[in-house]
Amino acid sequence: MPEQQTTVEVPSNPWGIPARLQLLNEEAQLQHDDKFSPYVEDIDRETLQQVYRTMMLTRRFDDEATALQRQGQLALWAPCKGQEAAQVGSAFATRPEDFIFPSYREHGVAISRGIDPGELLALFRGVNTCGWKPQDYNFQAYTLVLAAQVPHATGYAMGLNFDADFGDERDPNSDEKPAVLAYFGDGSSTEGEVHESMVFAASYNAPVLFFVQNNQWAISAPFSTQSRVPIATRAAGYGFEGLRVDGNDILTVVAATRYALEKIRAGEGPVLIEAETYRLGAHTTADDPTKYRTNEELESRTLHEPIGRLEKYLRAQGTPDSFFEELMAEVKEYGASVRNSALNLQNPRFEDFFERVYASAHPLVQEEAQWFQEYQEGFEEQN
């Protein structure tokens, strides 16, 4: 006889699950929160228009890159469509001296930091492993291995503390101290590296913000399979604060990130933000989301996507039609420049990779390069 299966009943809320913060609701109506609303009081309509512009450029960049991959111009692409508020809003709240460790989908953060589209596309075309110098933007190279950037960010943040201990010129009590941001997704949140990083961050009071974009899908695994509780709940187990926010609400993301960074700069330790959003596109261009999610789900989630919500609010605040018309023209021109950037990328010679292994010449690498050159010349002789 088959064994009798037991149903495990999970208590509904035994852990004090953080409430979901929202300042601009799905109907684009502003709501007040005594704790978080003051963090966005300085953001006027003109500022929001610039934020909206960056979100629109991010989406056009994303759409163009997806099309380029379909045309064979990129090897792969990881879309961020639907996550623009989480990315642009959190980046807006940072300072230039803050150091960012992305995964492979933070295109809105990269654009906010001033990275050129061609520099991003070079990685996905296979031209190089990082198209920009991280120190120029305080934006680390994309990480293609799940969660690998999280211990890197934690170690860097610990290093900032060690620098201060060993005579860094910055005032240890100053609120101008740099912070570190580690971006990752809900799928990565179940990797061991995240757990270990949070243990170290809490133990060493590291100035790091763990920013999780919960887009509800870890490739084809829904979030309900990954966790019984919101990710923000886990922070309490490590001894620091966790915030759960509407990741499609640009004002909430800015407010929560500013609040978290203020705490971090004050030496109060790490913070975890879970931005609940939704991935409107595929996990990557190698993925087919129609195999695991319904059209009804996608249509329902599309109604609450961030760009449409912010546009509705801006129009209600008196933003003229001319602003949107001029921006659409700019976005169209930007799309053409993205395509040109990809098509004008120069493929490296294979020999160039031998020069990238070490900072200075290495005899073993030189020996291998010589062998490869002789090997290639052998084919020329046969012809």
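Start by selecting cysteine 130 and showing its sulfur: the closest cysteine sulfur, in cysteine 80, is 17 Å away, too far for a bond. This is a predicted model, so please keep that in mind as we go around. While cysteine 130 is still highlighted, check its surface: with 22% relative accessibility, this residue counts as partly exposed.

Now jump to the other end of that distance. Is cysteine 80 buried or exposed? Cysteine 80 has 0% relative accessibility and therefore counts as buried. Its sulfur, too, finds its closest cysteine partner in cysteine 130, at 17 Å. A disulfide would need the two sulfur atoms within 2.5 Å, and the count of disulfides here comes to zero.

**Into the nonpolar core**

Next, select Tyr52, Leu121, Tyr142 and Ile250. These are the residues with the most contacts inside the largest nonpolar core, which has 71 residues. Which helix gives the most to this core? Colour residues 250–265 to see the answer: helix α10 contributes ten residues. As background, nonpolar side chains tend to be buried together in soluble globular proteins.

Stay for a moment with tyrosine 142 and display what surrounds it. Leaving aside neighbours within four places in sequence, tyrosine 142 is in contact with a run of residues from Pro102 through Ser103, Tyr104, Arg105 and Glu106 to His107. The contacts of tyrosine 142 also include Ala110, Leu120, Leu123, Phe124 and Trp132.

Apart from the largest core lies another one, of 23 residues. To find this second core, select Phe99, Ala153, Met158 and Val180, which are among its members.

**Along the strands**

Two of those names lead straight to our next stop. Phenylalanine 99 has valine 180, in β3, as its bridge partner. Show strand β2 (residues 99–101) beside β3: the two run parallel and are joined by three bridges. Strand β3 itself covers residues 180–185, and five of its six residues are buried.

Now add strand β4, residues 208–214. How many bridges join β3 to β4? There are six, and this pair of strands also runs parallel. For a landmark, pick tyrosine 183, which stands opposite phenylalanine 211 in β4. To get from β3 to β4, the chain passes through helix α7 (residues 192–203), and this β-α-β crossover is right-handed.

**The helix alongside**

Select residues 149–165 to bring up helix α6. Its 17 residues reach 24 Å from the first C-alpha to the last, close to the 24 Å expected at 1.5 Å a residue. Switch on the side chains of Gln149, Val150, Ala153, Thr154, Ala157, Met158 and Leu160: these are the buried residues of α6. What do they pack against? Their packing partners are β2, β3, α7 and β4.

**Two backbone curiosities**

Finish with a pair of residues for your Ramachandran plot. Asparagine 205 is not a glycine, yet has a positive phi of about 50 degrees. You will find asparagine 205 in the loop between α7 and β4, where its 37% relative accessibility makes it count as partly exposed.

The last stop is isoleucine 219, in the loop between β5 (217–218) and β6 (221–222). Isoleucine 219 also has a positive phi, of about 55 degrees, although it is not a glycine. With a relative accessible area of 42%, isoleucine 219 is partly exposed.

Methods: Residues are numbered from 1 along each chain as its sequence is written. This is a predicted model: local features need pLDDT of at least 70, side-chain atom pairs count only at pLDDT 80 or more; totals for chains, interfaces and linings use all residues. Side-chain values use heavy atoms; hydrogens and water are left out. Buried means under 20% relative accessible area, exposed over 50%, partly exposed in between (1.4 Å probe, protein chains only). A nonpolar core is a set of buried Ala, Val, Leu, Ile, Met, Phe, Trp, Tyr and Cys residues joined through side-chain atoms within 4.5 Å. Helices (H or I, at least four residues) and strands (E, at least two) are DSSP runs, numbered from the N terminus. Contact means heavy atoms within 4.5 Å. Two strands pair if DSSP finds at least two bridges between them. A crossover is right-handed if, with the strands pointing away from the viewer, the path from the first strand over the helix to the second runs clockwise. The expected span of a helix is 1.5 Å times one less than its number of residues.
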